[in-house]
Structures are given as structure tokens and as C-alpha cells.
Amino acid sequence: MHVLTVLDHPNPASFSAVVAQSFMEGAKAAGHTVELADLHAEGFDPLWSMADIEADGKASIPPDVANEQERIARADAICLVFPLFWWGMPSMIKGWVDRVWSWGWAYDQLDDPEISLQRPRSGVLLTPAGARSDEMEQSGYLAALETAWIKGTFGYFGFSPRKLEVLYGSTGSSERRQSLLETSYQVGLSLAPPQPAK
Ligand SMILES: Cc1cc2nc3c(=O)[nH]c(=O)nc-3n(C[C@H](O)[C@H](O)[C@H](O)COP(=O)(O)O)c2cc1C
């Protein structure tokens, strides 16, 4: 498969950046080709604007959005890597989702049921988080993210199968971080192929 990794972190030495590298190493070890969209390094503009509204995914698509859509078009699997911020996405990846997965290209709400216009792709979220797993489960944050990202966002993306891997305790000990990097590698190594959505 061709695997696109989309990274949101301004620091090339961040834990998130190493997570993306570990995931890609795993994917390469499984025989996949890899491509990295390093949004900060590439200067992607995350701000949804009038140009995006006027394009509506069909005409006069802003060149940076068209470039990202071409990357998606050639990918069979996509992994988003970003740190959990305020129980949600940081602004760069949020803007990438808002602008690139546009109405008319990714989905069309006028044709209910709300299914993706995109072919099935394998989709993974690798999300470093400061919190512990019990904290996120008991508070309901994990269930909220599963609903919003896996059922909602990844559904509109046409991702099948879909996986959210929260890398809990990402600011912890070096042993802890090492085990999270091993998890990231294993997620790349064991990527499932795309399947028709259920
Ligand atoms: C602005 C901000 C908001 C954050 N919000 C959360 C949060 O809601 N839940 C959480 O578990 N960790 C939160 N964190 C911790 C980050 O997820 C953690 O620092 C990050 O995963 C570490 O990865 P990095 O070294 O690649 O930045 C937050 C950190 C920052 C800077």
C-alpha cells in the first residue's frame, strides 16, 4: 500500500515527530511505500477562508488544498499524528481537515445518507496525550473522541477500517515513551488494507 502520514507539530524534535517516524518505519518494514506531509515544515495554511467557501470542493480549488487532495488520492492508508490539545485537535491538523476534506470532494450532505465520496482507505489516528488511560476512559473523553473522530470525521473521510490509538502518558518517563514508540511502529507494521465500509 501507499501510506500517507500527516504530522502536526512545529518541533522536528518533538515526541509526535518521532511517533510519525516510528509509524513510517513500521509501515516500510511491512513493505509499504510512505509519504510524509509535515504540515508545519511545509507551511500549510490551516485557516478556512472565503477561497475555500467559494471553491466548494469543485472549482477554483486553492492550490495548497489541491496539493493535499492529490496526496490523499494516491494513498491507500492515511495516518494522522498530532498531540491531544484540550481533548481535541491542535489548530494545524484541524485546519487541514476543515480545508482539505471539503464538501463536494470528500462528502455531499445533499445526498443522504451522509456517506463519503472517497474510495475506502485504511485510517489511523496516532495521538500522544499527557493523560493516563484510566483518566480518559472514566471521564468519558475517550468515548467522546471515538464518536467525533472515528464515527464522525473518519466516516466522512471514507476510512475503513478505522483506528484511534491514544498514546497515553506521552510526557512520562523515557521507558514509557519508548514503549509508545514501539506501539507506533507496530501500528505501522500491522496496517490493515482498505475494506468496503460496513
Ligand atoms: C495547549 C496544550 C493542550 C493540551 N491538552 C491536553 C489534553 O486535553 N489532554 C491531554 O491528555 N494532554 C494535553 N496536553 C498534553 C499534550 O498532549 C502532550 O504534551 C503531548 O502529547 C506531548 O507530545 P509532544 O512532545 O509531541 O508535544 C496539552 C498540551 C498543550 C501544550
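Me: Leaving aside neighbours within four places in sequence, which residues does T153 contact?
Reply: Happy to start there, bearing in mind that this is a predicted model. T153 lies in helix 7. Once the neighbours within four places in sequence are set aside, its contacts are V97 and A148.

Me: Is T153 buried, exposed or partly exposed?
Reply: Burial is judged here from the other C-beta atoms within 10 Å, with 20 or more needed for a buried residue and 12 or fewer for an exposed one. T153 has 19 such atoms, so the class is partly exposed.

Me: How many Å separate the C-alpha atoms of T153 and D38?
Reply: Along the chain, T153 and D38 are 115 residues apart. In space, the separation of their C-alpha atoms is 20 Å.

Me: Is F154 buried or exposed?
Reply: F154 is found in helix 7, which covers residues 141-157. The cut-off for burial is 20 or more other C-beta atoms within 10 Å. F154 has 23 C-beta neighbours inside that distance, and therefore counts as buried.

Me: Which residues does F154 touch, not counting those up to four places away in sequence?
Reply: P128 is 26 residues from F154 along the chain, and their C-alpha atoms are separated by 18 Å. With residues up to four places away left out, the ones that F154 touches are G123, W149, F159 and R162.

Me: What is the strand order in the open sheet?
Reply: The chain has eight helices and five strands. From the N terminus on, its elements run β-α-β-α-α-α-β-α-β-α-α-β-α. The open sheet has five strands with parallel pairing, and their order is 2-1-3-4-5.

Me: Which strands stand at the edges of the sheet?
Reply: In the order 2-1-3-4-5, an edge strand has a single partner, so one side of it is left without a neighbour in the sheet. The twist from one strand to the next averages 15°. The edge strands are strand 2 (33-38) and strand 5 (159-167).

Me: Which residue in strand 2 stands opposite L7?
Reply: Strands of a sheet pair through backbone hydrogen bonds, either parallel or antiparallel. Strand 1 (residues 2-7) and strand 2 run parallel and are joined by six bridges. Opposite L7, in strand 2, stands D38.

Me: What angle does the direction of helix 8 make with that of strand 5?
Reply: Helix 7 packs on the sheet, touching strand 4 (121-128) and strand 5, and its direction makes about 150° with that of strand 5. Helix 8 (residues 174-189) also packs on the sheet and touches strand 4 and strand 5. For helix 8, the angle with strand 5 is about 170°.

Me: How many of the residues of strand 3 are buried?
Reply: In a regular strand the side chains alternate between the two faces of the sheet. In strand 3, A77, C79 and V81 are buried on one side, and I78 and L80 on the other. The strand is largely enclosed by the rest of the structure, because the number of its residues that are buried is five of the five.

Me: In strand 4, which residue is the bridge partner of C79?
Reply: Five bridges join strand 1 to strand 3 in parallel, and V3 has A77 as its partner in strand 3. Strand 3 is also joined to strand 4 by five bridges, again in parallel. The partner of C79 in strand 4 is V124.

Me: Is W86 buried or exposed?
Reply: W86 is found in the loop between strand 3 (77-81) and helix 5 (91-100). Although not a glycine, W86 has a positive phi of about 50°. With 6 other C-beta atoms within 10 Å, W86 is exposed.

Me: What is the phi of W87?
Reply: W87 has its place in the loop between strand 3 and helix 5. With 15 C-beta neighbours inside 10 Å, W87 counts as partly exposed. W87 is not a glycine, yet its phi is positive, at about 60°.

Me: Which residues are joined by a cis peptide bond with omega near 0°?
Reply: One partner in this bond, P161, has its place in strand 5. The cis bond runs from S160 to P161.

Me: How many charged residues are in the shell around the ligand?
Reply: The ligand is surrounded by 15 residues, and S16, P83, P128, G130 and A131 are the closest. By class, the shell has nine nonpolar and six polar residues. The count of charged residues is none.

Technical notes:
Residues are numbered from 1 along each chain as its sequence is written. This is a predicted model: local features need pLDDT of at least 70, side-chain atom pairs count only at pLDDT 80 or more; totals for chains, interfaces and linings use all residues. A residue is near a molecule or strand if its C-beta atom, placed from the backbone, lies within 6 Å of it. Ala, Val, Leu, Ile, Met, Phe, Trp, Tyr, Cys and Pro count as nonpolar, Asp, Glu, Lys and Arg as charged, and the others, Gly among them, as polar. Helices (H or I, at least four residues) and strands (E, at least two) are DSSP runs, numbered from the N terminus. Two residues are in contact if their C-beta atoms, placed from the backbone, lie within 7 Å. Two strands pair if DSSP finds at least two bridges between them. Axes are lines fitted to C-alpha atoms, for helices over the stretch in contact, and angles run from 0 to 180 degrees between N-to-C directions.
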